[in-house]
Every structure is written in C-alpha cells, then in structure tokens.
Amino acid sequence: MKTTSANTKKRSSSVKTSSVKCPKSEDSQHFSVTLHHGGEFYRVFEEEIIYRGGTDTTVNGIHVSNWNMDNIEKLLSRLGYKADCVRVWTKVLEIQDGFFLIRKDDDAVDDFALYFSAMNVKGDLYVEHSTGNMDPADREPKCVNDDDHPPDNGIDGLDEEKGGAQ
C-alpha cells in the first residue's frame with residue numbers, strides 16, 4: 001500500500017494513512033473515498049462531533065455502479081472489521097450539517113457515490129466501532145465522551161482538531 005499524507009496535516013500526528021488503487025475508466029462516474037477507521041467520535045459542543053485518531057485508508061477510482069453496502073462491507077472486511085460490529089457514517093456539509101448513517105444501498109449510492117462523483121471530490125466515511133447498541137435508527141454516532149462530559153462544555157485541547165476530519 002502507498003502511504004499518503006494529505007489529511008495528516010489536519011489530524012493528529014499518530015494517524016496512519018494508506019491508499020488502495022482501483023482501476024479507473026474515462027467516464028465521470030468515478031470517485032475516491034477515505035475510510036477513517038480505528039478512531040472514535042467525540043462531542044466537542046452540543047451540536048458538533050468530530051472523529052479523532054485511527055487510520056485513514058483511501059480508495060481511488062471507484063465506479064458508482066460498484067459502490068453498494070456489499071462492497072463497503074467487503075472493504076471493511078479487508079481492513080479486519082466485521083460488518084455487524086460497525087456502523088459507517090459520512091458528513092457532507094453541502095447536504096446536512098452533521099454526520100449521517102450509511103445503512104443501505106440507497107444511502108451508499110444516492111447520498112454518497114453519485115454526489116462525490118458528480119462533484120469530483122473525495123468522500124469520507126467514518127467507522128463507528130461496536131458501542132453495544134447499534135440501533136440503525138440513531139440520528140448521530142455514539143460519542144465516547146457523552147457520558148463523561150456535558151455536551152455544551154466541549155473538551156479542552158480539541159479546538160485545533162475541529163476542522164480536521166469533517
């Protein structure tokens with residue numbers, strides 16, 4: 001795997017990045033995705049959540065027709081994750097302010113792949129590891145600090161990371 005450093009400047013120095021190349025044809029229905037995994041969601045303020053730590057794996061040249069939940073689960077499996085022990089979230093500020101859950105093919109294709117291929121920008125997926133309650137109806141990821149800190153107080157030392165993985 002080829003190591004990339006595009007996101008490491010914005011993220012913690014302990015974040016590892018890697019890149020996986022996929023074949024690309026000449027049409028415009030291709031996109032790239034960075035899968036952020038091995039980290040955790042943190043609530044910085046009541047309405048602001050960030051993903052911190054872990055590893056970034058980038059896959060380039062994915063064709064929209066090959067992007068569905070089955071292929072997302074295969075990618076997660078190649079990275080060592082079991083599909084029933086994780087949830088996958090994305091954040092597209094032009095569509096919605098917060099994270100939203102990718103839970104079915106329509107989410108993966110319509111809300112993710114078609115958007116990023118049309119905009120010709122890289123998408124980001126964030127892996128939430130088993131939190132015990134993996135309710136598909138959840139409207140936001142489970143933050144590791146939700147039980148420890150009042151959400152409107154934030155967390156000291158995270159201000160410089162707020163722009164990192166959004």
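The questions below concern the fold, burial and salt bridges of a predicted model. Local features need pLDDT of at least 70 and side-chain atom pairs count only at pLDDT 80 or more, while totals for chains, interfaces and linings use all residues. Residues are numbered from 1 along each chain as its sequence is written, and side-chain values use heavy atoms, with hydrogens and water left out.

Q: In what pattern do the helices and strands follow one another along the protein chain?
A: Helices (H or I, at least four residues) and strands (E, at least two) are taken as DSSP runs and numbered from the N terminus. The protein chain holds two helices and eight strands. Read along the sequence, their pattern is β-β-β-β-β-α-β-β-α-β.

Q: Which residue in S4 stands opposite phenylalanine 45?
A: Strands S3 (residues 40-45) and S4 (residues 48-52) run antiparallel and are joined by five bridges, where pairing requires that DSSP finds at least two bridges between two strands. A hairpin connects S3 to S4 through two residues. Opposite phenylalanine 45 stands glutamate 48.

Q: What share of the 166 residues in the protein chain is buried?
A: Relative accessible area, calculated with a 1.4 Å probe and protein chains only, sorts residues into buried (under 20%), exposed (over 50%) and partly exposed in between. By that division, the buried share of the 166 residues is 45%.

Q: How far apart in sequence are the salt-bridge partners arginine 87 and glutamate 128?
A: A salt bridge places a side-chain nitrogen of Lys or Arg within 4 Å of a carboxyl oxygen of Asp or Glu, and the side chains of arginine 87 and glutamate 128 meet in one at 2.8 Å, N to O. This pair links distant parts of the chain, with arginine 87 in strand S6 (residues 86-90) and glutamate 128 in strand S8 (residues 123-129). Both arginine 87 and glutamate 128 are buried, and their separation in sequence is 41 residues.

Q: Why does aspartate 70 count as partly exposed?
A: Aspartate 70 lies in helix H1 (residues 69-78), as does lysine 74, four residues away, or about one turn of the helix. These two residues form a salt bridge in which the closest N and O atoms are 3.3 Å apart. Lysine 74 is partly exposed at 48% relative accessibility, and aspartate 70 is likewise partly exposed because its relative accessible area is 42%.

Q: Which partner of the salt bridge between lysine 122 and aspartate 124 is buried?
A: The side chains of lysine 122 and aspartate 124 meet at 3.7 Å, N to O. Lysine 122, with a relative accessible area of 33%, is partly exposed. At 14% relative accessibility, the buried partner is aspartate 124.
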